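Work through the exercises below with the coordinates open. Each task is followed by a stepwise solution.

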Amino acid sequence: MISVVEPATAAVMAEVPRAGADDVDAAVERAKGAFPAWRAVEPAERSAILRRLADAVEERLEDLAVLEARNAGKPIGDARGEMGMVVETFRYYAGAPERLLGDTIPVSGGIDMTFREPLGVVGLIVPWNFPLVIAAWKLGPALAAGNTVVLKPAELTPLTALELEKIAATVLPEGVLNVVAGPGSVCGSRLVEHPDVAKVAFTGSTEVGRGIARQAADTIKRVTLELGGKSANIVFADADLEAAAAAAPMSVFGNAGQDCCARSRILVQRDAMDRFTELLDAAVREVRVGDPLDETTQMGPLISAAHREEVASFVPEGAPVATRGTAPEGDGFWYPPTVLAPVGQHDRAAVEEIFGPVVCVIAFDDEVDAVAKANDTIYGLSGSVWTRDGAKALRVARAVDTGVLSVNSNTSVRVSTPFGGFKQSGVGRELGPHALDHYTEVKNVYFAT
Ligand code: NAD
């Protein structure tokens, strides 16, 4: 059995069966069996089924949100937002089956046309930080394109995926969506090596992603990888400093910093450093850390005791702590929002993904220096640019090597726009129209006339 722990109390909240490699094989078999009929469902009918799936999740939105808030330790308001995004994602991709367009290409002697064919059985491996919503980003386009799926949630947070499997059973044909909750090294690995799995879509750490890419090579499996980040929040001296400082804390302390898009390096132009840090200090002290089920909570605990230890290792005795917020005492894996400054560009905390509520503030001189510092990382997932100079904002947004950039805002993710990383933050894109490319193969057919 898997003992599922509630991070806010450190108590076991549920026991669920621990799947093994045999369970993965059985799930792949079911998905393989369901594939021919699912791919043959008429496009308009597949759309209707996906809309019914969205409706069925929406009906359960509140209890799914409470389950996610408790299991992942995230504020209930955030959890509701995520469940809303699950619904929105299924509705968005419900529009896709009738829009999987091909091309006709002028050739001599006949007609040439392309089709977007489904891949077959797709393995989806997701992390514990945004359990159900990241699963939905993969499920929506995978199912819309006519694939069947085996979803493996993280061992720490399997509960909402298991609920989704039950909900889906009332709407989808048998075998189309299968969930296996078990260890990554066993169940995840089996999905990656399985000869009947055509593609693996993975979200998780860069380290595990590297291993999956290596293992997938044996069967030339398609892979989408959404990995780690160390994103820069670039604040120029001509920015609305009040707005930038007010928004900065939740752009890195949201989800207790356990967010691949966390703006965990705040790069501030030297002339504005004093004023910005004064504003940031006040904003960080206001972050409300506490019980995830309290409606006023902005930040919950970390996911586990082991993860808290890892996060704390970035703030050793003598670390340059500029501001430390508050956090509850006692049971639960609490850690206060922490600002480190001054931090050198190559200090460990400025280089590695911390995945906790710890942010580094680093000074830069000018536009060239800002871009160089932002890009001085193996990662390239997201980032922000704050300035009142529109041309500079666009120049910097184009020059920063990341997949998702925002200007005078810290948002990264929308259902209708592509999301994914440059460099070692990943391969492929999720969400928006682009995700469908990663769940289909292009077939070219020549018809001699
Ligand atoms: P993780 O890599 O430890 O685990 C992710 C998933 O992979 C889990 O389901 C796990 O069981 C499974 N897994 C572990 N070992 C495996 C193996 N050998 N073969 C196959 N599957 C295996 O990551 P995590 O700790 O759950 O999540 C945190 C990481 O996820 C962070 O690095 C974060 O940046 C990243 N993340 C990225 C995005 C993104 O979209 N880029 C989003 C969220 C999280």
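**Exercise 1. Surface and charge.** State how much area the protein chain exposes and what share carbon and sulfur atoms supply. Then locate the mean charge positions relative to each other.

Solution. The model is predicted. Step one: the protein chain exposes about 17900 Å². Carbon and sulfur atoms supply 53% of that area. Step two: count the charges. There are 42 positive and 60 negative ones. Their mean positions lie 3 Å apart.

**Exercise 2. Overall fold.** Decide how compact the protein chain is, using its radius of gyration.

Solution. Begin with the secondary structure: 14 helices and 18 strands. The radius of gyration is 23 Å, and the globule rule gives 22 Å for 449 residues, so the chain is as compact as a globular protein of that length. Along the principal axes, the C-alpha atoms fill a box of roughly 70 × 60 × 40 Å. Next, burial: 57% of the 449 residues count as buried. Last, contacts. Take those between residues at least 6 apart in sequence; 73% of them join residues at least 24 apart.

**Exercise 3. Strand 11.** Are the faces of strand 11 covered or uncovered? Which strand is joined to it by bridges, and in what direction do they run?

Solution. Strand 11 spans residues 265-269, and 5 of its 5 residues are buried. Buried here means under 20% relative accessible area. Now split the residues by face. In a regular strand, side chains alternate between the two faces of the sheet. One side carries R265, L267 and Q269. The other carries I266 and V268. Every one of these is buried, and both faces are covered. Finally, the partner. Strand 10 (residues 232-235) runs parallel to strand 11, with 4 bridges joining them. I234 stands opposite L267 of strand 11.

Note on methods:
Residues numbered from 1 in each chain as written. Predicted model: local features only at pLDDT ≥ 70, side-chain atom pairs only at ≥ 80, totals over all residues. Heavy atoms only, no water. Helix = DSSP H or I, 4+ residues; strand = E, 2+ residues; numbered from the N terminus. Rg over C-alpha atoms; globule rule 2.2 N^0.38 Å. Buried < 20%, exposed > 50% of the residue type's maximum accessible area, 1.4 Å probe, protein only. Contact = heavy atoms within 4.5 Å. Areas by Shrake-Rupley, 256 points an atom, 1.4 Å probe, with all protein chains shown as cover. Lys, Arg positive; Asp, Glu negative; His and termini not counted. Charge placed at Lys NZ, Arg CZ, Asp CG, Glu CD. Pairing = 2+ DSSP bridges.
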